[in-house]
Amino acid sequence: MMEARRHFLLHFLPETIGRDSLSFVRTQWTGIAALVGFLILCLTGVLLMFFYVPSTAGAYDSIINMDSVVPLGAFTRSLHRFSSHVFVLAVFIHLLKAFYNSSCLHERQNWFIGLGLFAASMLLAYTGYLLPYDQTSYWAVTVGLELARSVPVLGPVFVDLIFGGGAIDAATITRFYGWHAALGPAIVLLLLVAHFWKIRKKGLSSSGRGEARLGLEAYARKIGAVSGAVLLVCVLGALFFAPDAGPRPWLAEPPNPVKAPWYFLGVQELVSHSTALLAVPVLLLTILLLAPFLLGKKPWRTPVFFAAGLLISVVVGAAVVGGMRGEDWRLDAPSGVERRRGKDLSGAMPAGIIETRAFGRVDRCLSCHEGMRHKDAFIDAAHPADTHGCASCHGGVALSLDPGLAHPRGAGWGEQRLLSGFLSYAACFKCHIPGHHRGSEMGARGIELVMELGCPACHKIGAVGRNKSLSSALYRDLDYLRDVLVDPTERFQGHSMPRYAIFEDDERFREIAVALIGSSLEKTRKRPVDWALNCSLCHPHGMDRAKKFHDCPTIRKHSKTLTCMRCHGKGFQSAGRPCPYIRDRDVSCRVCHD
Amino acid sequence: MTTEFSRRSFLKKLLGTLWGIAALSGAYAAATLTPRKRKRLWRLADIPDPHAIAVGEHIWLERANVFVVRDEEGLYGISARCTHLGCTVAKEGARFVCRCHGAVYDEKGARVSGPQPKGLPWLAIERRSDGRYAVDLDAETPPGTKFRI
């Protein structure tokens, strides 16, 4: 032990500490958890700074870049986000602990330093929330801005200093970055030094007189173990709860509902009833600020003690209620049928629910679109809506009678987004081989492009090709897809995808968009081998064989358009023999060498 | 210590000076970070072609965040910014609905239900000297003021 003390750095640590200072019951180890969280945040944050672009135009793309191109980028971002939750939670509990075990009475200065740390942590967490600049964060921060503004006196000053004015724009994001990555951490570090210095000088707050003491080696080992456990929790959390960048901010329509980050949710819930209820958190903060003066020698005899407890329960309870709020800020779970929103159908339910069962799925589109026929007579005849439904080709949530739910719009809606216009052709791939029936010419040309350019050499297209999934690009808007195809270097730093000027031509772009989106649909993606390498590429006479060898009249009739994999998919998989076309990587050379 | 200017008093003065410098730096930083109050440089938001809006229809002006509605009596502008927490409201049939927290306004922008303190403000419409129509973002008018075109 004395040997170890010779090291200069060890002078920062006391010789012994009280056993109770490290007991879970007394401290919940939240101080250590907060410190470890902060250290992880600093490390991952610095890494993220190398890739993040703090501007309205670049922020979102840099996040996508981080998630899809930067090695370990997605994990770093996830770790940063998860540790921030751990950090904020630990800070909260640590603060309440110091209030309730009345250490705020003995350690006045450290209590105020701690309050400063609390404020700075909230600032860090909140400014970090906007930085991904997607639909969720944009609107959550908008709501937060309005909440902050409604605080009397200090609100407007705060809005000016932190937000840089009354709206979320280019100035806000640069400013948040400055707060989040420079000024905020600097303040926290300074206060942390002061916080620890006070602790070192006076001993840990919960150490009583005459209790058992722990030696340096023993308590260092314990602190190490707790820190390791916190680190493990953060890493596991980061692995299991990875963040998912939503769509770009969409100013015309906020998501439903818009929720502030969880640590402000209680305040938001209170304010959604009446702005006057803002008094609750303000009063609570006032009590915390004045705690050393308000609490008497026996804190549990002071009314403030209970008032604080009441206010805390109100805020936490409100946060729980706020967490349960669903669409339209309502508490009831959406049932899909009774709930109605969106287009006003003169206040009444549709006259009756008209249901179609199409490919095993209930399709209720015709309840509202009563008697609607496809405008293309050919499709109307081949795929009548009363047997095939609408959603089986056009997507959407066919079960819902709620117009808002049934027609998921815009980018980032995943599987169930509506396919309309030329994109509807993407749905043909669900059942048919492209190019073998009317209407699929566009997709067929798209597939030729995919093969010619060698996309599967690097990307997973449908079920084929290497593992770089395209879905992050496909579920966003078409403009984004076009930008990435025409000049990927604009969006992604340091990767090898070449430019494809060919897609400046609108027609070519439409073709490949149909092909790529068609390949990403659930039905096509799940097949072991799908249209992209449809069998007819290698077995040009396969369809004729089908006519020859299949007895079923339906197969005979549709042999030109049905994919082999609808029946042979399993067989191909179990055969385990890679198709020579997949093996043949010469397509990959063409990616860079013409 | 025999000297008048002892180490202790020197350190005290130094500490005081440092605190002073810190306070000044804080004030300096706050002054820099407080944005200059600037007026919006544009007051009028152009309505592209009011005659193209069918009677009973509306358009949404993105930059100004305003609905321009046309009915039999004329043209009127209603702010699309929810008075609760600033989300953009949607026009659903005759009503305006805020999807964030369920605020509902009637077709005149008056409060129906929800957490919002007041209705959506109406904005004056004017005809500019060159014949174009515009919404005046600084001129709030009493509900019901419509501009005949």
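## Cysteines, rings and a tucked-away serine

A:Cys390 is partly exposed, with 22% relative accessible area (buried is under 20%, exposed over 50%, partly exposed in between, using a 1.4 Å probe and protein chains only). This is a predicted model, where local features need pLDDT of at least 70 and side-chain atom pairs pLDDT 80 or more, while totals for chains, interfaces and linings use all residues. Residues count from 1 along each chain as its sequence is written, chains are lettered from A and ligands numbered from 1 in the order written, and side-chain values use heavy atoms, leaving out hydrogens and water.

**Exercise 1.** Work out why A:Cys390 and A:Cys365 are not bonded.

*Solution.* Start with the cut-off: a disulfide is a pair of cysteine sulfur atoms within 2.5 Å. Next, take the sulfur of A:Cys390: its closest cysteine sulfur belongs to A:Cys365 and is 4.3 Å away, so that's too far for a bond. Finally, go through the whole structure: zero disulfides turn up over all chains. As for A:Cys393, its relative accessible area is 31%, making that residue partly exposed.

**Exercise 2.** Sort two aromatic pairs, A:Phe82 with A:Phe241 and A:Trp262 with A:Tyr263, by geometry.

*Solution.* Grab the rule: rings of Phe, Tyr and Trp (its six-membered ring) pair when their centres lie within 6.5 Å, with planes under 30 degrees apart called stacked, over 60 edge-to-face and the rest tilted. That gives 23 aromatic pairs over all chains. A:Phe82 and A:Phe241 sit 6.0 Å centre to centre with 5° between the planes, so they're stacked. They join distant parts of chain A, 159 residues apart: A:Phe82 is in helix H5 (73-100), and A:Phe241 is in the loop between helix H11 (216-240) and helix H12 (262-273) (helices are DSSP runs of H or I, at least four residues, and strands E runs of at least two, numbered from the N terminus). A:Phe82 is buried at 16%.

Now the other pair. A:Trp262 and A:Tyr263 are 5.3 Å apart centre to centre, at 75°, hence edge-to-face. A:Trp262 is partly exposed at 34%, whereas A:Tyr263 is buried at 11%. Both belong to a cluster linked by ring pairs, whose members include A:Phe92, A:Phe118 and A:Tyr126.

**Exercise 3.** Describe the surroundings of A:Ser62.

*Solution.* First, place A:Ser62: helix H4 (residues 59-68) of chain A. Then check accessibility: 2%, which makes A:Ser62 buried. Last, look for neighbours: leaving out residues up to four places away in sequence, A:Ser62 touches A:Phe51, A:Tyr52 and A:Val53 (contact means heavy atoms within 4.5 Å). A polar atom of the A:Ser62 side chain lies 3.3 Å from the backbone nitrogen of A:Val53.

Definitions and conventions: Polar contact = N/O pair within 3.5 Å; in protein donor to acceptor, adjacent residues only side chain to side chain.
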